[in-house]
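Please open the model in your viewer and keep the selection tool ready, as this tour moves from one selection to the next. At each stop, pause and look before reading on.

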Amino acid sequence: MSEQTPTSSPVGTDSKPRGLSEEEARSRLERYGPNAIPEEHVNKVKLFLGKLWGPVPWLLEAAILLELVLGNYAQAIVIAILVALDAILAFREEGNAQEALQLLKQRLNVKARVLRDGCWKEVDAAKLVVGDFVHIRQGDIVPADIDLHEGTVSLDQSALTGESLAVTATKGQPAYSGSIIVRGEASGEVTATGTSTYFGHTAELVSTARSPGRLEQLIFGFVRALLILDVFLVAAVLADGLVRHLTWDQLLPFAVILVVAAVPVALPTTFTLASALGSRELASKGVLVTRLAAIEEAASMEVLCTDKTGTITENRLVVERILPWEGVNENTLLEAAVAASDEATQDPLDLAILEAASARSVTSAGKRKQFVPFDPAIKRSEAVVVSDDGEMHVMKGAPQVIAELSSVPQEEIYDSVAKLASTGARVLGVARGIVGKPIGFLGLIALADPPRPDSSKLIGDLKNLGVRVVMVTGDGVTTAQAIAKDVGIGDRVCKADTLRNHDGPLDIEPASSTRDSSSFLNDSDPRRKSGDDDKCCDVYAEVLPEDKLLLIERLQHANLVVGMTGDGVNDAPALRKADVGVAVASATDVAKAAASLVLTTPGLDNVVSGVEVSRRIHERMLTYTLNKIIKTLQVSIFLSVGLLAMGKFVTTPLLVVLLLLANNFATMSLATDRVGTPQFPERWTVRSLVLASLGLAIPIIALSFAVWFIGADGLGLHTAQLQTLTFIWLVASAQATIYSVRERHHFWSSAPSGWLAISSIVDLVVVSVMAWRGWLMTPIGSGALGVGIGMGVLFLLLGDSMKNWIFRITGLQH
């Protein structure tokens, strides 16, 4: 790439750099391409074949090979169809998810502040070209290789070099693409972009990897346990079969199908479909999902730790009050504050002061000669200006710091600062003096970041959802308490010291001890115990970045599912550590990279949508889990006991495979089911799920034998017909189980989704026609069909009250 240095002077002087024109920048962008690394496109054929590789496909593929070896071609074909359908659906949904992810990447592009046509503007980093003049500050990812012209920054290059120590860069030194600004700010010229940068790539914001969440891992844990149960049953069946002198070509297919029946064939597809649909719904509500597992975690979130600025408040500072010192007027105070501010920094404090000055037609105290931006280490910004009185040194910053530099005793400003801060205002001190001589204290400026108009409502909405909101802020106790009380979070304020002391309000032992975490649950949560109100804090004030990480760790140690909102580079560790990391709309690039959910509009309103959508997905997957456990117990025990007790195959391996195929469509359509939003966080326990599943499986198993004996003794069916009747009953009972467990109260309390209803109707119609016509099975009459389907309806009706009682005692009913 060619390079061009703009003829300009550094940011911070009255003569601002020219940079490039939009026309020249557009020309260079067309000539050299975007500031990005071409992405590697995955071969679609390879991606599809990947769906046939894994533990679940392996089991099914092994079953296909065995069936082919044994000459059971029909069974092999049906299993192959089952595998292919799941692979096609998973491939299709993953493709849709990738398209959504590309859209997400576009919306999460790194932004850059660039000077074009003499005006500062924000553009996508991908549109930067060599010669652009840019401004970088704390929290930014360096968007391209830059030669610094002014300012000093501390760079974290660990993602590029592996070195954990920060590197300082100043005028004349480079800042490489992908580095993170951890302190300071600077301006400079872009020297290389895209593949031409020193390290050859820009920072990636979105991970395409999908890590399994707790819910998916829990379900796979159940499946492993069911497979172990099946292995024992298979061993018993094989031993009994050998005693009965059954042939291997009879026993092996039966044993294989018994194991396959426990395989969660639809699990990967169902989770992909549910998560993809959920992420699309969230995207339409302004929540971008960077890690699909976070959708599941959000359903269980019990505590949300949130920053104040930009989430609870508007993140729009305005000058609320100007308090000049003795002998100083307001305009003189404001003139000095303007001189110590700079629009190029885009610092909210500077912008608020400049806006107030513009409204009053107040200009700088003089022509600025030198400017030092705000530095957190010294807690002030300062400048040297040339006025009629000579060179003046002006500064603004923390009142205590400015007062000390002005030789003003702290007690003289204490009452004024406390009074201004009591309303939640940010207070700055301003001073001025001739260079080389003592400076004089000019007064105080109070800047307010008022609460967002919707903050009180959405805090109430989160509480109604059982999520306790804890405000975590670096502000002082007085300011933090005023804001928290105003929006309804509460007024129990703790300093950050309590996080570092083991005897503080957060002193909670692990959940396995005699104490628990109920004190941190929302006030309306039924798990909350009396007397808990005095054990926790609504607000943590004077918090440092490392304190946020400590708070997350201690809450998680108390067995709580924790959410964390943040916007700054220092929030990144806590966002990554939290179960649900939420980057707000104004977050830095680093914070967005660390978060699992990214909000696209200001405030926390979208978090409410995220929790509600996540809980509905959780409900659908609870239905899937209960149904899977119940049906596996029913099929495995019924088939095994039928052979062990009666010496007969109650159904054929081919019909079991057809059963899996029929159930697959209804199971996957659960991802679209219409469900309610639970009022409180969803926390599953193995004990409750196992007890509920056993409670519902026992009567279904009993009814399975009842259907067999009704067919044999009442209808006079022979063995082959009884196997067909059993197949119809298993399909009908599977549908009945879905409609029973999908609703935590009476099954008629809510209507299913259209897809679920259609899949159930199609399933029952198709298998009934097959049984009546004798396709792939021995035909049976309408009477036997009526018995099989009628018993399913009977279970749905009579078992409803039992289900409600079981759900109530196992804690699954909300």
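Two elements are said to be in contact here when heavy atoms of theirs lie within 4.5 Å. The model on your screen is a predicted one, and with that in mind you can begin by selecting residues 477–487, which make up helix α15. This helix lies across β16, β17 and β18, and its direction runs at about 155 degrees to that of β18.

Next, select residues 545–557, helix α17, which packs on the sheet and touches β9, β16, β18 and β19; the direction of α17 makes about 165 degrees with that of β19.

Now hide the helices and show the sheet itself, an open one whose eight strands follow the order β8-β21-β20-β19-β9-β16-β18-β17, with mixed pairing. At its edges you will find β8 (287–289) and β17, each of which pairs on one side only, and from one strand to the next the twist averages 20 degrees. Within this sheet, select β16 (residues 468–472) together with β18, which run parallel and are joined by two bridges; for Met471, the bridge partner in β18 is Val539.

Finally, select Cys494 and Cys537, which form a disulfide with their sulfur atoms 1.8 Å apart. Cys494 sits in strand β17, while Cys537 is in the loop between α16 and β18, so far along the chain that 43 residues separate them.

Are these two cysteines buried or exposed? Buried means under 20% relative accessible area, and therefore Cys494, at 9%, counts as buried, as does Cys537, at 2%.

Key
Residues numbered from 1 in each chain as written. Predicted model: local features only at pLDDT ≥ 70, side-chain atom pairs only at ≥ 80, totals over all residues. Heavy atoms only, no water. Disulfide = S-S within 2.5 Å. Helix = DSSP H or I, 4+ residues; strand = E, 2+ residues; numbered from the N terminus. Buried < 20%, exposed > 50% of the residue type's maximum accessible area, 1.4 Å probe, protein only. Pairing = 2+ DSSP bridges. Axes fitted to C-alpha atoms, helices over the stretch in contact; angles between N-to-C directions.
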